[in-house]
Amino acid sequence: MNGSILGIDPGVSETGWALLNADCSGALKLGACGLITTPAHRELPERLRDIHRSLSLVFREHQPDSVAIEEMFFLKAAHTIRGTLQARGVILLAAAEARRPISEYNPRTVKLTLTGSGSAGKPQMQRALQKSLGLADILRPDDVADAAAIAVCHWRSSRMRRLKVLDSFGGGR
């Protein structure tokens with residue numbers, strides 16, 4: 001898979017995004033990344049509008065080929081769930097408006113794909129991401145690193161699906 005992948009870690013307070021570029025040799029590089037923050041004192045509809053506007057700008061500026069977003073998995077309080085789900089909705093809207101294919105990955109799948117363990121801790125994930133992208137330092141903040149990890153998961157999963165399709169047609173022999 002050549003091209004660019006926009007990974008997104010949704011949140012109402014902080015939405016991390018990371019654009020990865022893949023070349024024909026299979027190398028992944030971090031192209032751009034950022035953190036969209038919305039102040040807690042603002043009303044939720046204003047915060048959602050800001051997330052949508054900011055991501056729409058990212059889509060226009062970087063023109064990613066595909067989008068990978070984290071599926072929702074909650075062990076948090078119910079009040080956190082509502083805002084995050086709504087933030088995720090405006091993120092999906094921005095991707096749909098940009099007419100980009102969207103793939104979703106749960107946190108366990110992302111961890112398993114990057115480290116080989118679905119229960120990997122944050123330090124293990126950070127080291128795996130640093131190695132995968134050839135970064136000199138650990139990617140920060142955490143929401144941006146999570147977005148990049150989601151994009152790496154998508155890239156690896158897409159390559160595996162393509163190999164399986166080729167193999168089923170005898171092209172992998």
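How do the residues of the lining of the largest cavity divide into nonpolar, polar and charged? The split is 4 nonpolar, 1 polar and 2 charged. Here Ala, Val, Leu, Ile, Met, Phe, Trp, Tyr, Cys and Pro count as nonpolar, Asp, Glu, Lys and Arg as charged, and the others, Gly among them, as polar. The tour below leads to that cavity by way of the whole chain.

**Before you start**

This is a predicted model, where local features need pLDDT of at least 70 and side-chain atom pairs count only at pLDDT 80 or more, while totals for chains, interfaces and linings use all residues. Numbering starts from 1 along each chain as its sequence is written, and side-chain values use heavy atoms, with hydrogens and water left out.

**Stop 1: the whole chain**

Colour by secondary structure. You should find 5 helices and 5 strands. Helices (H or I, at least four residues) and strands (E, at least two) are DSSP runs, numbered from the N terminus. Trace the chain from the N terminus: the order is β-β-β-α-β-α-β-α-α-α.

Now switch on the surface. The chain exposes about 9,200 Å², and carbon and sulfur atoms supply 53% of that area. Areas come from the Shrake-Rupley method with a 1.4 Å probe; for residues, only the protein chains shown count as cover. Of the 173 residues, 42% count as buried. Buried means under 20% relative accessible area, exposed over 50%, partly exposed in between (1.4 Å probe, protein chains only).

Contact means heavy atoms within 4.5 Å. Among contacts between residues at least 6 apart in sequence, 59% join residues at least 24 apart.

**Stop 2: Cys33**

Select Cys33 in strand S3 (residues 28-37). Cys33 counts as partly exposed because its relative accessibility is 35%. Leave aside neighbours within four places in sequence, and Cys33 is in contact with Trp17, Ala18, Leu139 and Val144. Add Val58, 25 residues away along the chain: the two C-alpha atoms are separated by 9.4 Å.

**Stop 3: helix H2**

Go to Val90 in helix H2 (residues 78-97). Its relative accessible area is 16%, so Val90 is buried. Beyond four places in sequence, Val90 is in contact with Leu48, Ile51 and His52. Measure to Arg49: 41 residues apart in sequence, yet 7.8 Å apart in space, C-alpha to C-alpha.

Stay in H2 and select Arg88. Is this arginine buried or exposed? Arg88 counts as buried, because its relative accessibility is 11%. Not counting residues up to four places away in sequence, Arg88 touches Pro10, Ile69, Glu70, Glu71, Met72 and Glu104.

**Stop 4: backbone exceptions**

Most residues other than glycine have a negative phi, and most peptide bonds are trans. Three places depart from this pattern.

- Gln63 is not a glycine, but has a positive phi of about 45°. Look for Gln63 in the loop between helix H1 (44-62) and strand S4 (66-70). Gln63 is partly exposed, with a relative accessible area of 43%.
- Arg99 has a positive phi near 55°. Arg99 is in the loop between H2 and strand S5 (102-105). At 72% relative accessibility, Arg99 counts as exposed.
- Arg140 and Pro141 are joined by a cis peptide bond, with omega about -5°. Pro141 sits in the loop between H4 and H5.

**Stop 5: helix H4**

Select residues 122-133, the 12 residues of helix H4. At 1.5 Å a residue H4 should span 16 Å, and its end C-alpha atoms are 16 Å apart, which agrees. The expected span is 1.5 Å times one less than the number of residues. Show the buried side of the list: Met125, Gln126, Ala128, Leu129, Gln130 and Leu133. An α-helix has 3.6 residues a turn, so residues three or four places apart point the same way. Just after H4, Gly134 takes a positive phi of about 65°.

**Stop 6: the cavity**

On a 1 Å grid over the protein atoms alone, a cavity is a set of points where a 1.4 Å probe fits but cannot get out; lining residues have an atom within 4 Å of a point. Grid points are joined across faces, edges and corners, and a volume is the space filled by probe spheres set on the points. The count comes to 1 cavity of 30 Å³ or more. The largest cavity has a volume of about 40 Å³.

Select its lining: Lys122, Met125, Gln126, Leu129, Ala145, Asp146 and Ala149. H4 and helix H5 (142-168) each supply at least two of these residues. The largest share, 4 residues, comes from H4.

Conventions
On a 1 Å grid over the protein atoms alone, a cavity is a set of points where a 1.4 Å probe fits but cannot get out, and a pocket is an open set with protein on both sides within 12 Å along at least five of seven lines; lining residues have an atom within 4 Å of a point.
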